[in-house]
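The following exercises concern the aromatic residues, one polar residue and one helix of a protein chain. Please study the sequence and the structure before reading each solution.

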Amino acid sequence: MQQLSPAGQQIIDDIARRYGFSTDAVLSMLQSVINGNGRMAQFNHQEFSGSGQWMSGGMTMVSDMFNNNLKASINNLCTELAQLVASQPDLLRSGSFQSQSQGGQQQNSYAGGTNHGMWNEAPAKSASLFVAPPPGSSADWWGPGLRWPDSTGAQNGVRYAYFSQARRLAIEVNGKVTIYDTLDHQIGGFSQQQSYGGSLSFNSQYGLIDVERLPVMSVDGVAQAPTSSQAAPAPATEVAAATPTQPADTGNPAAMDIFAMIDKLADLRSRNILTDAEFDAKKAELLARL
């Protein structure tokens, strides 16, 4: 999150005092409301009874499902925070915005268009919540070279932002921002190993791909020369190294990649992210390439 201005800190402290939550809890919810574009929030904080979800004009869900007082407090808190962020210039995106979260992972998807949310009319302007970035710089962690991402997410100390039109993927690990060229991948989702700072993978028309296989364009704003190991993936018709009547060549790098993908799919199934049917279907598709 951007650094709060003195006025913003005072506003957040006042909200925390009035609702009986800590400043840390309110800041956590503020970030969730911003990620939900002011119309929803998927949160996870101990003061909110763990994970839950709020939707403007809809249902508020918390882990302590029978705690109606907590639900009412969270609903009122999120409504006030939504009004607050709606008054901030360039903080909310116009268009359709969805946020998805599973466990400690949060993924947000954005598509441009007409804003049909509850904030069609701009509220009265209030004091700036955040410290303005220096002239010529960007408030976005991925830097000034990229604008609105199609999707963003964070888990276990890793953040990502995907820009389909620019064919770029930004990854931040421990404050280090790396920009990748996504080549011709049509990215449909991300997954991460269950460890802090674990490697990130994504699904595309070529299956499950490790981010590290993509060409690196820049690191912390410094342009990088692509290495020979970072090349575009071969089309599926070229990945098949053996016909159905021939045994798979397990020494073939393409075959090894397929087996690695199957291992990762098995890991996703063991974590209940994939169903058995989805795993079997994807496994059969990958094995058909051998």
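Rings of Phe, Tyr and Trp (its six-membered ring) are taken as a pair if their centres lie within 6.5 Å; planes under 30 degrees apart count as stacked, over 60 as edge-to-face and the rest as tilted. The model is predicted: local features need pLDDT of at least 70, side-chain atom pairs count only at pLDDT 80 or more, and totals for chains, interfaces and linings use all residues. Residues are numbered from 1 along each chain as its sequence is written, and side-chain values use heavy atoms, with hydrogens and water left out.

**Exercise 1. Determine which residues form one aromatic cluster with Phe-43, and describe the pair of Phe-21 and Phe-48.**

Step 1. The cluster consists of Phe-21, Phe-43 and Phe-48. Across the whole structure, the search finds three aromatic pairs.

Step 2. Phe-21 and Phe-48 pair edge-to-face, at 4.9 Å centre to centre with 75° between the planes.

Step 3. Helices (H or I, at least four residues) and strands (E, at least two) are DSSP runs, numbered from the N terminus. Phe-21 lies in the loop between α1 (6–19) and α2 (23–35), and Phe-48 in the loop between β1 (40–45) and β2 (50–55), so the pair ties together parts that are 27 residues apart in sequence.

Step 4. Buried means under 20% relative accessible area, exposed over 50%, and partly exposed in between (1.4 Å probe, protein chains only). Phe-21 is buried at 12%, and Phe-48 is buried at 0%.

**Exercise 2. Describe the surroundings of Gln-53.**

Step 1. Gln-53 belongs to strand β2. Its relative accessibility is 16%, so Gln-53 counts as buried.

Step 2. A polar contact is a pair of N or O atoms within 3.5 Å; within protein, one must be able to donate a hydrogen and the other to accept it, and residues adjacent in sequence count only if both atoms are side-chain atoms. The side chains of Gln-53 and Gln-42 make such a contact at 2.6 Å.

Step 3. Contact means heavy atoms within 4.5 Å. Leaving aside neighbours within four places in sequence, Gln-53 is in contact with residues including Met-40, Phe-43 and Met-61.

**Exercise 3. Which residues of α2 are buried, and what phi does Asn-37 take just after α2?**

Step 1. The buried residues in α2 are Ala-25, Val-26, Met-29, Leu-30, Ser-32, Val-33, Ile-34 and Asn-35.

Step 2. Just after α2, Asn-37 takes a positive phi of about 60°.
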